[in-house]
Amino acid sequence: MRLLALISLFLLAACAGRPSLDDPKLSDRALDLERFFDGELVAYGQFQDVFGTVRRRFEVEIDGRWDGRTLTLVEDFVYEDGSTERRVWELVKTGPQTWRGTAPGVIGAALGEERGDTFNWRYTIDLPVPGANGDAETLRVSFDDWMWLLSEDRLLNIAYMRRFGVPIGQVVITFEKRR
C-alpha cells in the first residue's frame with residue numbers, strides 16, 4: 001500500500017505544471033544573458049527534494065565574461081557545510097535567442113532559448129554530491145532550468161531536477177549583479 005502511494009505521488013509530481021516560453025510575460029523587460037552575466041555577480045540558492053525538504057544551501061560568486069560570441073561563467077560555490085566547488089560554463093550564442101553551453105560534467109550540451117524576460121535551458125550533468133560517509137559521489141541528473149529577469153540587476157532561477165525521468169527536487173537561486 002505504501003509503495004502504491006509513493007508511486008502515485010511521483011506520478012502526480014511528474015504531471016505538475018512547468019513554465020513555458022509561451023506563458024504570458026509579466027513585464028516588458030528583455031533578458032540578454034550576455035549583458036546580465038557580463039561582470040561580477042553573487043547568487044544564493046538551495047536544493048529541496050520532491051517532498052519540499054531543504055537539503056542543501058549555497059552561495060555562488062560568479063565572474064562572467066562576454067567576448068562577443070562566447071559567455072564564460074566561472075562559478076565558485078560555497079555550500080553551507082563548508083565544501084566548495086568550481087564550475088566553468090562556456091555558452092555560445094547560436095542565434096538571436098538561442099544558446100549552446102558546456103561545462104565539465106555536462107553530458108553533451110545544454111541547449112537554451114531566451115524569450116522576453118525568460119530563459120530556459122535543459123541539460124544532463126554528473127553532479128558531485130556529498131555521500132553518506134562524507135565522500136563525494138556523482139549523481140547523473142537532468143535539469144529543466146528556468147530564469148526570469150526581475151529587475152536590471154536581479155534574476156530568479158528555478159531548476160527542476162530529474163533522475164531516470166523521475167522528479168527528485170528543485171534548485172531555487174537568486175542572482176544579483178555587483179555594481
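Let me start with Arg65, which is partly exposed in this predicted model, with a relative accessible area of 44%. Its salt-bridge partner is Asp63, and the closest N and O atoms of the two side chains lie 2.9 Å apart. Asp63 itself counts as partly exposed as well, at 30% relative accessibility.

That pair belongs to a longer list, since the count of salt bridges comes to 12, and I would like to take you through two others from it. In one of them Arg35 pairs with Asp32, with 2.6 Å between the closest N and O atoms. Here the two partners fall into separate accessibility classes: Arg35, with a relative accessible area of 54%, is exposed because the cut-off for that class is over 50%, whereas Asp32, at 27%, counts as partly exposed.

The other one is the salt bridge in which the side chains of Glu176 and Arg154 meet, at 3.5 Å from N to O. This pair links distant parts of the chain, for Glu176 sits in strand β10, residues 166–177, while Arg154 sits in strand β9, residues 154–163, and the two are 22 residues apart. Both ends are partly exposed, Glu176 with a relative accessible area of 26% and Arg154 with one of 38%.

Now let me turn to strand β5, residues 98–102, and ask which of its side chains are buried and which are not. The side chains alternate along the strand, so that Trp99 and Gly101 point to one face and are buried, being under 20% relative accessible area, while Thr98, Arg100 and Thr102 point to the other face and are not buried.

What does β5 pair with on the β4 side, and in which direction do the strands run? Strand β4, residues 84–93, is joined to β5 by 4 bridges, and the two run antiparallel. If you want to find this pairing on the screen, look for Glu90, whose bridge partner in β5 is Thr102. The connection from β4 to β5 is a hairpin of 4 residues.

Strand β5 also pairs with strand β6, residues 106–115, again in an antiparallel arrangement and with 4 bridges. Thr98, which I mentioned among the side chains that are not buried, has Glu113 as its bridge partner in β6. Finally, in the hairpin of β5 and β6, which has 3 residues between the strands, Gly105 takes a positive phi near 95°.

Definitions and conventions: Residues are numbered from 1 along each chain as its sequence is written. This is a predicted model: local features need pLDDT of at least 70, side-chain atom pairs count only at pLDDT 80 or more; totals for chains, interfaces and linings use all residues. Side-chain values use heavy atoms; hydrogens and water are left out. A salt bridge is a side-chain nitrogen of Lys or Arg within 4 Å of a carboxyl oxygen of Asp or Glu. Buried means under 20% relative accessible area, exposed over 50%, partly exposed in between (1.4 Å probe, protein chains only). Two strands pair if DSSP finds at least two bridges between them.
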